[in-house]
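This report looks at one helix and its surroundings, and it is best read with the sequence and the structure side by side.

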Amino acid sequence: MATLDNLTEKIMDEVKDYSEHIKKELEAKLDETADKILEYIIDNAPRSGQKKALADDFIKTDVGSGYNKTIVIHAKEKGMLIHLIEFGFMHRAGKYVNPRPFLRPAFDAFTPKMLEDIKDIINGK
């Protein structure tokens, strides 16, 4: 016969199992979206035709775990040049170099879908 203590214990176990399941789904969705963003950036970043092209310099790094997991996408060595390409700049010779955005469009393309998917995961859809 189930007692009130057993019922409370079973409810706590179910909540713990559910939260672990949700945490795994959220991490998987975050990883999936980060992979899509990284792929978009690599496909759309300028290529110089050399071995160490800017597009090949991007990597993703996991920071933290569980609910506190963050994925950082960054350039390994050429991070100091990214803002110049993304936003454009005035060359020393006076010529304006037009922007070639590739970071912001990547985040704008995939982040809203990820947020909707996260809401659906949390709501159990």
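The paragraphs below describe a helix, its packing partners and one of its buried residues.

The model is predicted. Helix α1 runs over residues 4–44, a stretch of 41 residues, and it reaches 60 Å from its first C-alpha to its last, which is close to the 60 Å expected at 1.5 Å a residue. Its buried residues are I22, L26, K29, T33, A34, I37, L38 and I41, and they pack against two strands and a helix, namely β1, β2 and α3.

| Element packed against by the buried residues of α1 | Residues |
|---|---|
| β1 | 58–63 |
| β2 | 70–75 |
| α3 | 103–123 |

The axes of α1 and α3 come within 9 Å and cross at roughly 165°; because angles over 145 degrees count as roughly antiparallel, α1 is roughly antiparallel to α3. The crossing of these two helices is right-handed. On the side of α1, the contact is made by Y18, I22, E25, L26, K29, L30, T33, K36, I37, Y40 and I41, while α3 contributes L103, P105, A106, F107, F110, T111, M114, D117, I118, I121 and I122. Sorted by class, the contact of α1 with α3 comprises 16 nonpolar, two polar and four charged residues.

Is K29, a residue of helix α1, buried or exposed? With a relative accessible area of 14%, K29 is buried, because buried means under 20% relative accessible area. When neighbours within four places in sequence are left aside, K29 is in contact with M114, D117, I118 and I121, residues that are listed on the α3 side of the contact between the two helices.

How values were computed:
Residues are numbered from 1 along each chain as its sequence is written. This is a predicted model: local features need pLDDT of at least 70, side-chain atom pairs count only at pLDDT 80 or more; totals for chains, interfaces and linings use all residues. Side-chain values use heavy atoms; hydrogens and water are left out. Helices (H or I, at least four residues) and strands (E, at least two) are DSSP runs, numbered from the N terminus. The expected span of a helix is 1.5 Å times one less than its number of residues. Buried means under 20% relative accessible area, exposed over 50%, partly exposed in between (1.4 Å probe, protein chains only). Contact means heavy atoms within 4.5 Å. Axes are lines fitted to C-alpha atoms, for helices over the stretch in contact, and angles run from 0 to 180 degrees between N-to-C directions. Angles under 35 degrees count as roughly parallel, over 145 as roughly antiparallel, 65 to 115 as roughly perpendicular and the rest as oblique. A crossing is left-handed if the near helix is turned anticlockwise from the far one by less than a right angle, and right-handed if clockwise. Ala, Val, Leu, Ile, Met, Phe, Trp, Tyr, Cys and Pro count as nonpolar, Asp, Glu, Lys and Arg as charged, and the others, Gly among them, as polar.
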